[in-house]
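Please consider the structure shown below. The paragraphs that follow lead from one strand to the elements around it, and then to a single residue in a loop.

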Amino acid sequence: MADRKPTLTRRKERKERDASEASKDVNNELKKDEKPPAEGEKTAGNGEKTAGNGEEAVANGGDEEVEPMELPPFEIITGDRIDPFLFKFQFKNVEYSSGRNKTFLCYLVDRGDSADGLLKGYLEDEHTGLHAEEAFFIQTLPDNDPAVKSTVTWYVSSSPCLACASKITEVLKARKNLKLSIFAARLFEWEEPEIQAGLKALHTAGCKLRVMKPLDFSYIWDTFVENEETPLNLWEDCKDNYEYYQEKLADILQ
């Protein structure tokens, strides 16, 4: 068996980095208005400040060349246990999910009496590209044996986007032996008609959709989080937010 220490070290470094980034997001979450840029500066589309005046002329034919900014390589993070700080931030069922620009997907796969037995773990996507929902069917459950019935349960930090909902629907239509349940902490852009249409298509294809109850958060904490055997103290408005999102989802699926 290959030595896994380098992989574990990278995961530890990534968790420390993500925890630091999430901490900054939490501190800024309740901020309503951004500080206006100083004179001579303008705000780019991604929220970062860029220099103005003389440096702006570079993009308009100046002598200096502007080097494009490169994002780190996109990757899907996999594992067995989530950092507790990241869980409390990413899975919090707030109405306005500021800073929560990635998806955490905890999964259970029951293949009955097959040799694989019960599969358990989580996926996390970073940057843009392949989302955790699509990655699940590529990395975790790539093969389909029509003779084996699979019961899959997802606990996701937010409901699928339109593209993911469409891909999941296609998989369910192709794999008649697959039963999927999706429990979401929040509803992603649920006001948009195309998102609602995607959720309806999922429901019609046989996917069970539900908003996560307070007990679901405790279950994830016990099953998928590095909790150090400490109990989860749910946030004050967890139950109210669940009822709010569940009512919206019921209206969409009716």
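Which unit do β7, helix α5 and β8 make? In this predicted model, β7, helix α5 (residues 193-204) and β8 form a right-handed β-α-β unit. The two strands of this unit also pair directly: β7 and strand β8 (residues 208-211) run parallel and are joined by four bridges. Within this pairing, F183 stands opposite R210 in β8.

Strand β7 has a further partner, strand β6 (residues 150-156), with which β7 pairs in the parallel sense over seven bridges. One position in this pairing can be followed by eye: T153 has S181 in β7 as its bridge partner. Here too a helix belongs to the arrangement, since β6, helix α4 (residues 162-174) and β7 make a right-handed β-α-β unit. Strand β7 thus takes part in a unit with β6 and α4 and in another with α5 and β8.

The surroundings of β7 are reflected in its accessibility. Of the seven residues of strand β7 (residues 178-184), six are buried, and therefore the strand is largely enclosed by the rest of the structure.

Attention may now turn to a loop. K102 is located in the loop between α2 (84-90) and β4 (104-110). Is this residue, K102, buried or exposed? The relative accessibility of K102 is 13%; because buried means under 20%, K102 counts as buried. The side chain of K102 also has a polar contact, at 2.9 Å, with the side chain of E124.

Note on methods. Residues are numbered from 1 along each chain as its sequence is written. This is a predicted model: local features need pLDDT of at least 70, side-chain atom pairs count only at pLDDT 80 or more; totals for chains, interfaces and linings use all residues. Side-chain values use heavy atoms; hydrogens and water are left out. Buried means under 20% relative accessible area, exposed over 50%, partly exposed in between (1.4 Å probe, protein chains only). Two strands pair if DSSP finds at least two bridges between them. A crossover is right-handed if, with the strands pointing away from the viewer, the path from the first strand over the helix to the second runs clockwise. A polar contact is a pair of N or O atoms within 3.5 Å; within protein, one must be able to donate a hydrogen and the other to accept it, and residues adjacent in sequence count only if both atoms are side-chain atoms.
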